[in-house]
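Work through the exercises below with the sequence and the model open. Each one sets a task and then solves it in steps.

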Amino acid sequence: MKHLVKYLKPYYKEIIFAILLLIVQAVSNLFLPNLNAKIINEGIAKGDIQYIIHTGGIMLLATLLLAGAAILASYFSSKVVTSYSRDLRRELYYKVLSFSKQDFDRFGTASLVTRNTNDVHQVQMFVLTLLNIMIMAPIMSIGGIIMAIRQDVVLSSSIIIVVPVIALIVFFIMRKTVPLFKTLQKKVDKVNQVLREKLMGIRVIRAFVKDDYEARRFDKANKDLTQTALKVNRIMALGIPLIMLAMNVTSLAITWFGGIRIDSGAMPIGNLTAFLTYVMEILISIMMAMTMFIMLPRAEASAERINEILHTEPSVKEPKSPKIPSERKGVLAFKDVSFQYADAEAPVLSKISFTALPGQTTAIVGSTGSGKSTLVHLIPRFYDVTEGKIEIDGVDIREMPLELVRDMIGLVPQKSYLFSGTIESNLRFGKKDATEEEMWHALEIAQAKNFVSRLPEKLKAPVDQGGTNFSGGQRQRLCIARAIVKRPTIYIFDDSFSALDNKTEAKVREALKDETKDATVIIVAQKVSTVLTADQIVVLSDKGTIAGIGTHQELLKSCEVYQEIVYSQIPKEEAV
Ligand SMILES: Nc1ncnc2c1ncn2[C@@H]1O[C@H](COP(=O)(O)OP(=O)(O)OP(=O)(O)O)[C@@H](O)[C@H]1O
């Protein structure tokens, strides 16, 4: 938790105000029973109406002060914690934005979301409780004891018995429940995880008629959570009445012994009512302080999960002294590049060397899982190479400013993804000041102009999260258009024509030819028809090495892996 304290610093003024107001609240609270005792002893017992009105007036003022202080304290503490959690969420979000794909893989999307929402909420609630209890509990308990002694020293000896008894009961309840609360947190996480996964894959579940099976899996996680929650509630259901019983017995005993002392004239009657109130305030403060310990493990677990993100050094770093290429042509060179995923046993890519030139199309082919997507993900530095280097215009991309590298690249990912908003907001993603003309031009090249112009809102047509209100092929074409609007130096099409029929694909590639005539184009493809006309084809073997480089004709003659790929898709006589 202590690492997260620094985020409270900007709000120290509000914290001081809240603390002062809480002190006013606690002190006024302590004086009220005393004034009440005085009214009973001096006013009611002696029939002094003037005294009752006078002291009652003071009580009223004290109550108003208390209420005012409580409202303002709550205002300031709420302001502190909501601003604190906002800052924390922002910090987490910015940190996550700086993560490489490797860091994302490590945490997982679901966990990153839970940490930014649920975990921040847990910490926020703890800070709010801490702020209140830390001030109120010591003043109320210590002040309560002092005030109780002032009412009656002899009766105060009961506090020595009552406080440890109640503290012991609360301690035993906590000892049982705190570990359960910890488990509860993990089980809530599990339910979240199962739910998220199932909802994301709902179509697959339906298609495979696995609704019942998946419902049972969810039931299991849910039942697990319920059982732990029930255990906690059972202990609480037993513990809370036990505490109430102890408090009522205390109240009864104090009234009993107090009655005897009043009877003998050793204590005025008003002091007994005040004494009872003070003892209850002491006990409530102790219980409040104890609830902190119930919240602490949950908040600590959440703080740990938050810190884990905040302390993660992004695996892809900005260079210390960045180099900028003297010319930005887009000459892309892989030099003996090897790459291994963090948890993998063997490298996915080994000793890859080739150069992709501006004005040319370089195709990457290979069987599924050969490392084609991995290879192109190395270019925008989603991951850094394990060995060797990648250069753009003669400069190692690890030495170039990250923003510049990514700015030079227009990537159309394998999985078409659009953001919620409009077609226009998606197209402007890479160039925020793109004109309507530029957008229509990009849509025309991507063969998306027809269907977009048929939409009633045209460029303003709404896009749902992920682009789910468009078909796979439409989504893919919009992603191609998005990359074109950016007018990058290097285009990367990662299997980006897979959802298009052959005719549309041919049209897109034909239109692209002119648009990308000065750019470096990298195309990852499964379909041989996509790569036939490429200036060079890089063939990856199953082991992630280069099996051959050349044009279609050259490779057909010399590369066995390429021949296998080609002949599996088109007849021998048509391939030549
Ligand atoms: N994030 C990851 N962590 C660990 N291993 C991964 C990760 N992503 C991919 N791999 C592994 O790396 C290998 C290459 O995957 P990659 O996606 O690059 O292949 P690909 O040639 O693009 O396949 P496809 O044609 O099916 O898209 C695979 O064996 C895959 O299991």
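**Exercise 1. Find the volume of the largest pocket and describe its lining.**

Step 1. The volume of the largest pocket is about 3000 Å³. A pocket here is found on a 1 Å grid over the protein atoms alone, as an open set of points with protein on both sides within 12 Å along at least five of seven lines; lining residues have an atom within 4 Å of a point. Grid points are joined across faces, edges and corners, and a volume is the space filled by probe spheres set on the points.

Step 2. The lining has 50 residues, and P413, K415, Y417, F419 and R482 lie nearest the centre of the largest pocket.

Step 3. Helix 15 (residues 472–486) gives the largest share of this lining, 6 residues. Helices (H or I, at least four residues) and strands (E, at least two) are DSSP runs, numbered from the N terminus.

Step 4. Sorted by class, the lining of the largest pocket has 23 nonpolar, 16 polar and 11 charged residues. Ala, Val, Leu, Ile, Met, Phe, Trp, Tyr, Cys and Pro count as nonpolar, Asp, Glu, Lys and Arg as charged, and the others, Gly among them, as polar.

Before going on, note that this is a predicted model, in which local features need pLDDT of at least 70, side-chain atom pairs count only at pLDDT 80 or more, and totals for chains, interfaces and linings use all residues. Residues are numbered from 1 along each chain as its sequence is written, and side-chain values use heavy atoms, with hydrogens and water left out.

**Exercise 2. Describe the second largest pocket by volume and lining.**

Step 1. The second largest pocket has a volume of about 370 Å³. Its lining has 19 residues, with T361, R509, K513, I523 and T533 closest to the centre.

Step 2. Helix 16 (502–515) and strand 10 (520–524) each supply at least two residues of this lining. The largest share, 5 residues, is from helix 16.

Step 3. The classes in the lining of the second largest pocket are 8 nonpolar, 6 polar and 5 charged.

**Exercise 3. Which residues come nearest the ligand, and which polar side-chain atoms lie by its N or O atoms?**

Step 1. There are 14 residues around the ligand, and K372, S373, T374, Q414 and Q526 come nearest. A residue is near a molecule if one of its heavy atoms lies within 4 Å of it.

Step 2. By class, this shell has 3 nonpolar, 9 polar and 2 charged residues. Helix 10 (residues 372–377) gives the largest share of the shell, 3 residues.

Step 3. Look for polar contacts (pairs of N or O atoms within 3.5 Å). An N or O atom in the side chain of K372 is 2.8 Å from an oxygen atom of the ligand. For Q414, a polar side-chain atom lies 2.8 Å from a ligand oxygen atom. Y341 has a polar side-chain atom 3.3 Å from a nitrogen atom of the ligand.

Step 4. On its own, the ligand has 640 Å² of accessible area, and the protein covers 61% of this. Accessible areas come from the Shrake-Rupley method with a 1.4 Å probe.

**Exercise 4. Compare the UniProt domain spans with the model.**

Step 1. UniProt, in an unreviewed entry, lists "domain: ABC transmembrane type-1" at residues 16–298 and "domain: ABC transporter" at residues 332–568. UniProt positions are given in the numbering used here, feature names are shortened, and annotations may be inferred rather than shown by experiment.

Step 2. Residues 16–298 are 94% helix and 0% strand, with end C-alpha atoms 26 Å apart.

Step 3. Residues 332–568 are 35% helix and 24% strand, and the end C-alpha atoms lie 31 Å apart.

Terms used. A polar contact is a pair of N or O atoms within 3.5 Å; within protein, one must be able to donate a hydrogen and the other to accept it, and residues adjacent in sequence count only if both atoms are side-chain atoms. On a 1 Å grid over the protein atoms alone, a cavity is a set of points where a 1.4 Å probe fits but cannot get out, and a pocket is an open set with protein on both sides within 12 Å along at least five of seven lines; lining residues have an atom within 4 Å of a point.
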